[in-house]
Amino acid sequence: MDNFLILERLDRLERLLIANKEVLTFDETCDYTGISRSYLYKLTAAGQIPHSKPNGKLIFFEREKIVSWLLQNQRKPLPECETIGDSNP
């Protein structure tokens with residue numbers, strides 16, 4: 001089997017394992033959300049994302065709270081007649 005395929009399958013397995021964990025580490029949260037390490041650090045330093053630091057050093061995230069945070073400020077879809085480019089009133 002090609003090395004690229006093996007690495008791709010391993011990456012998929014890691015993502016599946018992370019999705020089943022309740023508490024994520026900093027790196028796992030980056031992988032789970034797609035947020036870069038530097039931006040996630042800025043969010044935690046500013047207190048803009050829910051996290052905990054039980055010993056004052058390591059940062060942990062509750063997966064359920066991260067999902068809620070990601071889905072905040074949802075926008076309702078426009079009715080079909082109001083979508084951009086629709087010329088029929």
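In what follows, two residues are in contact when heavy atoms of one lie within 4.5 Å of heavy atoms of the other. With that rule, Glu-28 is in contact with Ile-18, Lys-21 and Val-23, once neighbours within four places in sequence are left aside. I shall return to Glu-28 after an outline of the whole. Please keep in mind that the model is a predicted one.

Let me begin with the overall arrangement. The protein contains four helices and two strands. Read from the N terminus, these elements follow the order α-β-α-α-β-α. Of the 89 residues in the protein, 18% are buried. The accessible surface is about 7500 Å², and carbon and sulfur atoms account for 54% of that surface. If we consider the contacts with a separation of 6 or more, 39% of them join residues that are 24 or more positions apart.

I turn now to the interior. Which residues make up the largest nonpolar core? It has 10 residues in all: Phe-26, Cys-30, Ile-35, Leu-40, Leu-43, Ile-49, Ile-59, Phe-61, Ile-66 and Trp-69. At least two residues of this core come from each of helix H2 (26-33), helix H3 (37-45) and helix H4 (63-70). Ile-35 offers a good view of how the core is joined: with neighbours within four places in sequence set aside, Ile-35 is in contact with Cys-30, Leu-40, Leu-43 and Trp-69.

Let us look at the helices in turn, starting with H3. The buried residues in H3 are Leu-40, Leu-43 and Thr-44. These three lie on the same side of H3, because they cover an arc of only 95° around the axis. Tyr-41, Lys-42 and Ala-45, by contrast, are exposed on the other side of H3. Against what do the buried residues of H3 pack? Their partners are H2, strand S2 (60-62) and H4. After H3 comes Gly-47, with a positive phi near 70°.

Helix H2 is the next element to consider. Its buried residues are Phe-26, Glu-28, Thr-29, Cys-30 and Thr-33. They pack against helix H1 (3-20), strand S1 (23-25), H3, S2 and H4. Just after H2 stands Gly-34, where phi is positive at about 85°.

Two of these H2 residues deserve a closer look. Thr-29, which is found in helix H2, has a relative accessible area of 0% and is therefore buried. Not counting residues up to four places away in sequence, Thr-29 touches Leu-24, Gly-34, Leu-40, Phe-61 and Ile-66.

The second is Glu-28, also placed in helix H2. Is Glu-28 buried or exposed? The cut-off for buried is under 20% relative accessible area. At 17% relative accessibility, Glu-28 therefore counts as buried. Its side chain makes a polar contact of 2.8 Å with the side chain of Lys-21. The side chains of Glu-28 and Lys-21 also meet the rule for a salt bridge, at 2.8 Å from N to O. Lys-21, for its part, is partly exposed at 31% relative accessibility.

This brings me to charged pairs in general. Side chains of opposite charge can pair when their charged atoms come close. How many salt bridges are counted here? The count comes to four, and the pair of Glu-28 and Lys-21 is one of the salt bridges just described.

Another joins the side chains of Asp-27 and Arg-37, at 2.0 Å from N to O. This pair links distant parts of the chain, with Asp-27 in helix H2 and Arg-37 in helix H3, 10 residues apart. Asp-27 is partly exposed, its relative accessible area being 42%.

A further salt bridge is formed by the side chains of Glu-8 and Arg-12, at 3.4 Å from N to O. Here both residues lie in helix H1, four residues apart, which is about one turn of the helix. Glu-8 is partly exposed, with a relative accessible area of 33%, and Arg-12 is likewise partly exposed, with 43%.

My last point concerns the backbone at Asn-73, in the segment after H4. Although Asn-73 is not a glycine, it has a positive phi of about 60°. Its relative accessibility is 58%, so Asn-73 counts as exposed.

Terms used
Residues are numbered from 1 along each chain as its sequence is written. This is a predicted model: local features need pLDDT of at least 70, side-chain atom pairs count only at pLDDT 80 or more; totals for chains, interfaces and linings use all residues. Side-chain values use heavy atoms; hydrogens and water are left out. A nonpolar core is a set of buried Ala, Val, Leu, Ile, Met, Phe, Trp, Tyr and Cys residues joined through side-chain atoms within 4.5 Å. Buried means under 20% relative accessible area, exposed over 50%, partly exposed in between (1.4 Å probe, protein chains only). The arc is that of the directions from the helix axis to the C-beta atoms. Accessible areas come from the Shrake-Rupley method with a 1.4 Å probe; for residues, only the protein chains shown count as cover. A polar contact is a pair of N or O atoms within 3.5 Å; within protein, one must be able to donate a hydrogen and the other to accept it, and residues adjacent in sequence count only if both atoms are side-chain atoms.
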